[in-house]
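Please open the model in your viewer and keep the selection panel at hand. The tour proceeds by selections, each followed by a description of what is found there.

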Amino acid sequence: MTAPDESRDPDGLIRRAKRGNPEFDQHFLVDDRVLDRIPNYLPEGADRSHLLEIGGGTGALTDRLLDAVPEDGHVSVVERDPDLVSFLRKEFADEIEAGDLTVIAGDALEVDLPAFTASVSNLPYGASSEIAFDLLPRKRPLVLMFQREFAERMVAEAGDDDYGRLSVSARHYADVELVEHVPAEAFDPQPRVESAVVRCTPRDPEYEVSDEAFFLRFVKALFTQRRKTMRNAVRNTGHISGLEDPDAVVAAADESLMSKRAGNVTPAEFAALARLAIRVDPGVGGE
Ligand SMILES: C[S@@+](CC[C@H](N)C(=O)[O-])C[C@H]1O[C@@H](n2cnc3c(N)ncnc32)[C@H](O)[C@@H]1O
């Protein structure tokens, strides 16, 4: 592993790779201070023995991750662009030869991911939601860079303007915190939007759900009608949630909950309603 003061220069990597195509979600981090900070956002005590990076690009973050793993640790990096894969394999030939780094060629949503202990990634914006929701259920610590608006929706709480399906679904798997806003100037080429880094610390939710898939589908359905009361949202979205008898769920549910809007309902309240629906609705398991 290289010492931190020997980190590769991110601008030099871009020049050597001759890459950086915004159409391929290629915005490379060039701000050394941001690059240095990102691995340190891993939760204290996180197992760093096998770090996974999705979207290696020209390797500026990969280089920092090689410094962040313990002596016998490993970094795996997935990259979809075949030219960047060739570049990474050449640039990091010594680390690959030493068994410290594996470069996996392909789409992160299609390749078999290795058994990583934590992931630190500057995600391709076009696929960030799918990749995050592929990683979150694996219950490993994650430090992920997103578009700022996406990150803010992810960490929003009930009652916040940005609170929605994304906030409830992400929190189902982990504690999520926005740890740093990153301006467009930190990248080359610069994206049109700002970015933000989110730390996800896995934990079990503080509520029970007997059918996770139904819970997540129900939350998704209810937020499609976020301006309506929960009463109407439950009734109008059976085609999405799978409820066969939404009226029975409304009748059995607490009156005050049915009068709220989804944006003011906590994850625990959604979970209690999902458990109730499973008891009373034949479409999702009840009678
Ligand atoms: C935002 S750049 C980050 C690059 C580098 N990690 C950095 O921080 O400078 C995202 C990278 O992901 C790659 N990429 C885009 N879609 C991908 C996918 N579905 N699977 C794997 N890599 C992908 C792009 O080619 C690009 O190199």
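**The ligand and its surroundings**

Begin by selecting the ligand in this predicted model, and then extend the selection to the 19 residues that surround the ligand, the closest of which are Leu29, Gly55, Glu79, Ala108 and Asn122. Next, display Gln26, where a polar side-chain atom lies 3.0 Å from an oxygen atom of the ligand. Moving on to Gly56, look at the backbone, since one of its N or O atoms lies 3.5 Å from a nitrogen atom of the ligand. At Ala108, a polar backbone atom is 2.9 Å from a nitrogen atom of the ligand. If you now switch on a surface, keep in mind that the ligand taken alone exposes 600 Å², and that the protein buries 99% of that area.

**The two domains**

Colour residues 10-202 as domain 1 and residues 212-280 as domain 2, following the domain assignment of the protein; the centres of these domains, taken over C-alpha atoms, are separated by 34 Å. Then select the interface, in which 10 residues of domain 1 are in contact with 14 residues of domain 2. About 960 Å² is buried between domain 1 and domain 2, with 64% of that area coming from carbon and sulfur atoms. On the domain 1 side, pick Tyr163, Arg165 and Val168, which lose the most area to domain 2 and together make up 51% of what that side buries.

Finally, turn to the polar groups: between domain 1 and domain 2 the count of salt bridges is zero, whereas four residue pairs are found in polar contact across this interface. The residues of domain 1 that touch domain 2 comprise four nonpolar, four polar and two charged.

Key:
Residues numbered from 1 in each chain as written. Predicted model: local features only at pLDDT ≥ 70, side-chain atom pairs only at ≥ 80, totals over all residues. Heavy atoms only, no water. Domains from an automatic or database assignment. Contact = heavy atoms within 4.5 Å. Buried area = accessible area lost by both parts, 1.4 Å probe. Salt bridge = Lys/Arg side-chain N within 4 Å of Asp/Glu carboxyl O. Polar contact = N/O pair within 3.5 Å; in protein donor to acceptor, adjacent residues only side chain to side chain. Nonpolar A, V, L, I, M, F, W, Y, C, P; charged D, E, K, R; others polar. Near = heavy atom within 4 Å. Areas by Shrake-Rupley, 256 points an atom, 1.4 Å probe, with all protein chains shown as cover.
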